[in-house]
Amino acid sequence: ITEFLLMGFTDDQVLQGLYVPFFFLIYLTALMGNLLIIILTTTDQHLQSPMYFFLKNLSLIDICYISVTVPKSIINSVTKSYSISFLGCASQIFLFIFLAGTEYALLIVMSYDRYVAICHPLYYEITMNRSTCLQMVIASWASGCVYGSIHVAGTFSVPFCGPYIVHQFFCDIPSVLTLACSGEQILEYAFVIASFTFAFVCFLFLIASYVFIFSAVLRIPSAQGRCKTFSTCIPHLTVVILFLFSGTANYLWTNSKSASSLNLFMSVLYSVLPPSLNPLIYSLRNKDMKAALGKILR
């Protein structure tokens, strides 16, 4: 096998006509929004807390995350060449899973940051010091790299029997595994089950963090104090729900053996929407971010 064909958009002529400008606009929006957050959290002295350090890394991940799939797909549609090399497909799967795993790990770190800030505010500066935050970010990137390496090895360790048509606009594990010879996907399926089990355990840790956070917020005597404290968690909670829902929907509710509008919608929801909306979610509900943006605009 030397190449695969990415045929995610060939069945619907209407979607084909709207695809390039729509995806280009979304990609440009995601790029500019995340770059703006990186610039603000780097240059503004009021945005040097651990929360904004993690947010800066999240924006960097989102830029890389959407750049793995969308530019290649736009180029393929413009040139009418839907092929991707075997090595390119493997690289796309590795980078996509690597960045998705890193983002998931970083979201868990950010939930811990909110837990310490709200439940143990007196120990926040000691617990979330610069060295600890850096170690957490490095651990997130390292875990994503291991996660991506395991899955790309499991996916491409199987023989493929064809046809070599991927019913998706980028290479993802479910679509590529449908091309494997019958009965040869056991190793990767075992990796997927193990990964989902580990991710679920991490999700329980995230839920536990928010249970403690909600308990602490409810103990605040004034309604204004409760709203102000909880507002610092709403952007992160929204991003977590969006990321987990779209990822679960893509891997559990779609049929990767055929092209359909539902498959297309779910894959766009998973690969394009989170990095595009994350800057909007964090900037709209954050007074410090809006103040820093106002300084730049003035």
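**Exercise 1. Place C181 and decide: buried or exposed?**

Solution. C181 has a relative accessible area of 14%, so C181 is buried. The cut-offs are these: buried means under 20% relative accessible area, exposed over 50%, and partly exposed in between, with a 1.4 Å probe and protein chains only. Next, the location. C181 sits in the loop between α6 (173-177) and α7. Helices here are DSSP runs of H or I with at least four residues, numbered from the N terminus. Last, a neighbour. F160 lies 21 residues from C181 in sequence, yet their C-alpha atoms are 5.3 Å apart in space.

A note on the source: this is a predicted model, in which local features need pLDDT of at least 70 and side-chain atom pairs count only at pLDDT 80 or more, while totals for chains, interfaces and linings use all residues. Residues are numbered from 1 along each chain as its sequence is written, and side-chain values use heavy atoms, leaving out hydrogens and water.

**Exercise 2. Describe how α7 packs with α3 and with α5.**

Solution. Two packed helices are described by the angle between their axes and the distance between the axes. Axes are lines fitted to C-alpha atoms, for helices over the stretch in contact, and angles run from 0 to 180 degrees between N-to-C directions.

- Step 1. Helix α3 (residues 86-119) meets helix α7 (residues 186-218) at about 25 degrees, with the axes 9 Å apart. That makes α3 roughly parallel to α7, a label for angles under 35 degrees.
- Step 2. Helix α5 (residues 130-155) packs with α7 at about 155 degrees, with the axes 8 Å apart. Therefore α5 and α7 are roughly antiparallel, the label for angles over 145 degrees.
- Step 3. α3 passes α7 in a left-handed crossing. α5 also passes α7 in a left-handed crossing. Left-handed means that the near helix is turned anticlockwise from the far one by less than a right angle.

**Exercise 3. Find which side chains meet in a salt bridge.**

Solution. The structure holds one salt bridge. The term needs a side-chain nitrogen of Lys or Arg within 4 Å of a carboxyl oxygen of Asp or Glu. D113 and R114 are the partners, at 3.0 Å, N to O. Both D113 and R114 are buried.

**Exercise 4. Trace the nonpolar surface patch made by L35, L36, I39 and I296.**

Solution. The patch covers about 330 Å². Helix α1 (residues 13-43) gives the most to the patch, with three residues. L36 has its place in α1. At 32% relative accessibility, L36 counts as partly exposed.

Technical notes:
Patch = residues over 30% accessible without salt bridge, like charges linked within 9 Å, V, L, I, M, F, W, Y side chains within 5 Å. Areas by Shrake-Rupley, 256 points an atom, 1.4 Å probe, with all protein chains shown as cover. Helix = DSSP H or I, 4+ residues; strand = E, 2+ residues; numbered from the N terminus. Parallel < 35°, antiparallel > 145°, perpendicular 65-115°, else oblique.
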